[in-house]
Structures are given as C-alpha cells and as structure tokens.
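The exercises below ask you to read a protein model step by step. Try each task on your own before you turn to its solution.

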Amino acid sequence: MIRRCKQELGMTFTEWRQRLRTMAALPLLAEGQTVETIAFDLGYSSASAFIVMFRKLMGMTPDEFRKGQE
C-alpha cells in the first residue's frame, strides 16, 4: 500500500494523510470551531502539533487562514 501510494499519488502515505487532515480542517475553521477542537477531532495529539502541520502545508497558521476568510 505504501509503495502504491507513492506511485499513484507522488507522495508518501503520511504526506497524503497530513494533506487530507488539513483539507478536512478548512470547513471546520470556516465554521468557527476552535483550533484545539479541530486538532483533537482530526487525531492530533495537541493543538500545537496541528498548527505546525497546517503552517507547513498552507504557509500560514489556522488563525491566519481564518482571518483571511473574513
């Protein structure tokens, strides 16, 4: 499965999962849910771990993203 993911998607399974979680967070941020709630709902061990991953993939923090949506 891991090799197939790399072949078909051009990324590792871990990268794919991180992107999927980040994309799942976008509507939750738009709804106004807290970063902490989103982080735990998506399976992160802490809000800070979620923020680090979000920033890595999106180039901004979840709060910066939310402010840009207003």
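**Exercise 1.** Where is Leu 42 found, and is Leu 42 buried or exposed?

*Solution.* Keep in mind from the start that this is a predicted model, in which the protein averages a pLDDT of 91 and 97% of the residues score at least 70. Begin with the position: Leu 42 sits in the loop that lies between α3 and α4. Next, take its relative accessible area, which is 17%; since buried means under 20%, Leu 42 is buried. Finally, look at the surroundings: leaving aside residues up to four places away in sequence, Leu 42 touches Arg 21, Ala 24, Ala 25 and Phe 50. Thr 22 and Leu 42 are 20 residues apart in sequence, and their C-alpha atoms are 8.8 Å apart in space.

**Exercise 2.** Describe helix α2 by its span, its buried residues and what follows the helix.

*Solution.* Start with the span: α2 has 19 residues and reaches 28 Å from its first C-alpha to its last, which is close to the 27 Å expected at 1.5 Å a residue. Then list the residues of α2 that are buried, namely Gln 18, Thr 22, Ala 25, Leu 26, Leu 28 and Leu 29, and note that these buried residues pack against α3, α4 and α5. Leu 20 also lies in α2, but Leu 20 is partly exposed, with a relative accessible area of 47%. Together with Leu 9 and Trp 16, Leu 20 forms a nonpolar patch on the surface, and the accessible area of the three together is about 280 Å². To finish, move past the end of the helix, where α2 is followed by Gly 32, whose phi is positive, near 95 degrees.

**Exercise 3.** Which residue forms a salt bridge with Arg 66, and how many residues apart are the two partners in helix α5?

*Solution.* Recall first that side chains of opposite charge can pair when their charged atoms come close. Here the partner of Arg 66 is Asp 63, and the closest N and O atoms are 3.5 Å apart, which falls within the 4 Å cut-off for a salt bridge. The count of salt bridges comes to 1. Now consider the helix: because Arg 66 and Asp 63 are 3 residues apart in α5, about one helical turn separates them. As a last step, compare their accessibility: Arg 66, at 18% relative accessibility, counts as buried, whereas Asp 63 is partly exposed, with a relative accessible area of 40%.

Technical notes:
Residues numbered from 1 in each chain as written. Predicted model: local features only at pLDDT ≥ 70, side-chain atom pairs only at ≥ 80, totals over all residues. Heavy atoms only, no water. pLDDT = per-residue confidence, 0-100. Patch = residues over 30% accessible without salt bridge, like charges linked within 9 Å, V, L, I, M, F, W, Y side chains within 5 Å. Areas by Shrake-Rupley, 256 points an atom, 1.4 Å probe, with all protein chains shown as cover. Salt bridge = Lys/Arg side-chain N within 4 Å of Asp/Glu carboxyl O. Helix = DSSP H or I, 4+ residues; strand = E, 2+ residues; numbered from the N terminus. Buried < 20%, exposed > 50% of the residue type's maximum accessible area, 1.4 Å probe, protein only. Expected span 1.5 Å × (residues − 1). Contact = heavy atoms within 4.5 Å.
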